[in-house]
Amino acid sequence: MSIIPSFFGGRRSNVFDPFSLDVWDPFQDFPLISTSGSSSEFGKETAAFANTRIDWKETPEAHVFKADLPGLKKEEVKVEVEEGKVLQISGERNKEKEEKNDKWHRVERSSGKFLRRFRLPENAKVEEVKAGMENGVLTVTVPKVEIKKPEIKSIDISG
């Protein structure tokens, strides 16, 4: 969910989404050249990992965020709540070490850092956020404050 429309491709959602704080990356689908000076294909990183796709659904009980993070361990991912209202999910996948005698024919897996931020709605219980990772899928559950329905008392009309 981004505040930038999908002029530049990709799966972007409503520009007017009040809960999104995603930072638009104009170079998201371009390879980034590593500063290591290596001219090999492996010396390049792709920005696709920097824009990790995250689904956000709301259930009657909670807001649920799911991110596909294949190959990452839970120790390589951070889930934080900033200022009690912004959910931040970040991490890094390190690139494989390049051996001198290796000859790479294709490098398609992404490496690098990612960071996603979401403004949580007023009904989020930020003190009860839970996160779990299973089979490369991070699930963050933010419970919702129970909204009490106003008590309605019927009054008999006499007359």
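**Exercise 1. Find what the side chain of Lys-144 contacts, and where Lys-144 sits.**

Step 1. In this predicted model, the side chains of Lys-144 and Glu-58 make a polar contact at 2.7 Å.

Step 2. A second partner is a backbone atom: the oxygen of Thr-59 lies 3.0 Å from a polar atom of the Lys-144 side chain.

Step 3. Place Lys-144 in the chain. It belongs to the segment that follows strand 9 (137-143).

Step 4. Decide whether Lys-144 is buried or exposed. Its relative accessible area is 15%, and the cut-off for buried is under 20%. Lys-144 is therefore buried.

Step 5. List the surroundings. Leaving out residues up to four places away in sequence, Lys-144 touches Glu-58, Thr-59, Pro-60, Glu-61, Ala-62, His-63, Asn-123 and Lys-125.

**Exercise 2. Classify the ring pair Trp-56 and Phe-118, and state what surrounds it.**

Step 1. The protein chain has three aromatic pairs by the rule used here.

Step 2. For Trp-56 and Phe-118, the ring centres are 5.8 Å apart and the planes stand at 80°. Planes over 60 degrees apart count as edge-to-face, so with its 80° this pair is edge-to-face.

Step 3. Locate the two residues. Trp-56 is in strand 3 (residues 54-58) and Phe-118 is in strand 7; the pair links distant parts of the chain, 62 residues apart.

Step 4. Check burial. Trp-56 has 16% relative accessibility and counts as buried. Phe-118, at 1%, counts as buried too.

Step 5. Add the remaining member of the group: Trp-56, Phe-65 and Phe-118 form one aromatic cluster.

**Exercise 3. Work out the sheet that contains strand 7.**

Step 1. Establish the elements. The protein chain has nine strands and zero helices.

Step 2. Give the order. An open sheet is formed by three strands in the order 5-6-7, with antiparallel pairing.

Step 3. Explain why one side of strand 5 (77-82) and of strand 7 (112-119) lacks a neighbour in the sheet. Each of these strands stands at an edge with a single partner strand, so one side of each is left free of a neighbour there.

Step 4. Give the twist. From one strand to the next it averages 15°.

Step 5. Take the pairing of strands 5 and 6. They run antiparallel and are joined by six bridges. Val-79 stands opposite Ile-89 of strand 6. The hairpin of these two strands has three residues between the strands, and in it Glu-83 takes a positive phi near 50°.

Step 6. Take the pairing of strands 6 and 7. Strand 6 (residues 86-93) pairs with strand 7 in the antiparallel sense over eight bridges. Gln-88 has Arg-117 of strand 7 as its bridge partner.

**Exercise 4. Judge the confidence of the model and describe the chain as a whole.**

Step 1. Start with the averages. The mean pLDDT of the protein chain is 75, and 68% of the residues score at least 70.

Step 2. Mark the weak stretches. Residues 1-15 have pLDDT below 50, with 30 contacts in the model beyond near neighbours in sequence. Over residues 32-48 the pLDDT is also below 50, and that stretch likewise has 30 such contacts.

Step 3. Give the burial. Of the 159 residues in the protein chain, 29% are buried.

Step 4. Give the contact range. Among contacts between residues at least 6 apart in sequence, 52% join residues at least 24 apart.

Technical notes
Residues are numbered from 1 along each chain as its sequence is written. Side-chain values use heavy atoms; hydrogens and water are left out. pLDDT is the predictor's confidence in each residue, from 0 to 100. Contact means heavy atoms within 4.5 Å. Two strands pair if DSSP finds at least two bridges between them. Helices (H or I, at least four residues) and strands (E, at least two) are DSSP runs, numbered from the N terminus. Axes are lines fitted to C-alpha atoms, for helices over the stretch in contact, and angles run from 0 to 180 degrees between N-to-C directions. Buried means under 20% relative accessible area, exposed over 50%, partly exposed in between (1.4 Å probe, protein chains only). A polar contact is a pair of N or O atoms within 3.5 Å; within protein, one must be able to donate a hydrogen and the other to accept it, and residues adjacent in sequence count only if both atoms are side-chain atoms. Rings of Phe, Tyr and Trp (its six-membered ring) pair if their centres lie within 6.5 Å; planes under 30 degrees apart count as stacked, over 60 as edge-to-face and the rest as tilted.
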